[in-house]
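Please open the structure in your viewer and keep the selection tool at hand. This short tour goes from one selection to the next and says what is found at each stop.

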Amino acid sequence: PIIYIITPTNIRAEQKADLTRMSHTLKLVNNIHWIVVEDSENKSSMVSRLLERSGLNYTHLNVLTPPQFKMASKDPNWLKPRGVLQRNAGLDWLRNQKRFLAEQGVLYFADDDNTYSLDIFQEMRYTQKVSVWPVGLVGYLRYERPVVKNRKVVGWFTAWKPDRPFAMDMAGFAVNVQLVHKYPEAKFSNEVQRGYQESTFLTGLKLTLDDLEPRANMCTEVLVWHTRTEKSSMKNEDKLMKKYGKATNPKIEV
Ligand code: UGA
Ligand code: MN
């Protein structure tokens, strides 16, 4: 089966560094299709070039998050959901590929700043309905994970709201593409309570705990990490500008 990977990506100073790392990981994975969705009014030439140069199979999309749903830089990072319309645009694209209707495939939502072991792609490749696994460095814990008893998922090990229907991070599951076609209404939403994006989508696929396939050695191994790239300070740009009237060369892409 092919793996479709939907990645929302936001414009920021560290974007190219994060996308470079991610694309180099994906180059080591067979039979994938990377759907990169920019949170912007237009497709940027930086992302276009990066995708073209990567040699990966990809689709490049864009959709701007409207200002009322966009986080301000002073907002606490949990205030507004991120990547919602971008993941939905990826889903729309996938569902509109009628030629893929009978295709055996798996869908994974992969944010651009996480760290992915190559092993996680092997774990998800054969997914009947939904496969699940632990995510490291998330939820103010060393990891969060599905609780498995007798080879079945029976609940969630998280500190925060373990009572959610599917209390896992976006990086913690992959779904069979056939299911995505079968339930065309399943999507993400800017209107749901915080922490309920994953549950909203998976509930839309009419899933119950019984449908979940525990991977990564019955959810005992961490193969993906919710790393977050530190925001780089550019304070010396201003300093050089004041002192010499110029700073770094804006023509040099970072
Ligand atoms: C956590 C979860 O791991 C995300 O899956 C979830 O989308 C997010 O919280 C949320 O609050 O909605 P976190 O590391 O805090 O992730 O979020 P980011 O990595 O900053 O954003 C998630 C993805 O959306 C990234 O791929 C990012 O590039 C993209 N993004 C971010 C946008 O498309 N637009 C934005 O305005 C911000
Ligand atoms: Mn992130």
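What follows is a walk through a predicted model, beginning at ligand 1 and ending at the metal ion.

Begin by selecting ligand 1, which sits in the largest pocket, and then show the 18 residues around it, of which Pro8, Asp39, Arg82, Asp111 and Asp169 come nearest. If you colour this shell by residue class, it divides into three nonpolar, five polar and 10 charged residues. The elements that contribute two or more residues to the shell are β1 (2–9) and α3 (84–96), and these are worth highlighting next.

Now turn to the oxygen atoms of ligand 1 and look for polar partners. In the side chain of Lys70, an N or O atom is 2.9 Å from a ligand oxygen, while the side chain of Asp112 offers an N or O atom at 3.0 Å from an oxygen of ligand 1. At Asn10, by contrast, a backbone N or O atom lies 3.1 Å from an oxygen atom of the ligand. The protein covers 87% of the 690 Å² of accessible area that ligand 1 has on its own.

Finally, select ligand 2, the manganese ion, and ask which residue coordinates it. The answer is Asp113, listed with OD twice, at 2.3 to 2.5 Å, and Asp113 is placed in the loop between β4 (105–109) and β5 (115–116).

Technical notes. Residues numbered from 1 in each chain as written. Chains lettered and ligands numbered in written order. Predicted model: local features only at pLDDT ≥ 70, side-chain atom pairs only at ≥ 80, totals over all residues. Heavy atoms only, no water. Near = heavy atom within 4 Å. Polar contact = N/O pair within 3.5 Å; in protein donor to acceptor, adjacent residues only side chain to side chain. Areas by Shrake-Rupley, 256 points an atom, 1.4 Å probe, with all protein chains shown as cover. 1 Å grid on protein atoms, 1.4 Å probe; cavity = no way out; pocket = protein on both sides within 12 Å on 5 of 7 lines; lining within 4 Å. Sits in = over half its atoms within 2 Å of the grid points. Helix = DSSP H or I, 4+ residues; strand = E, 2+ residues; numbered from the N terminus. Nonpolar A, V, L, I, M, F, W, Y, C, P; charged D, E, K, R; others polar. Donors = N, O, S within 2.8 Å, 3.2 Å for Na, K, Ca; no water.
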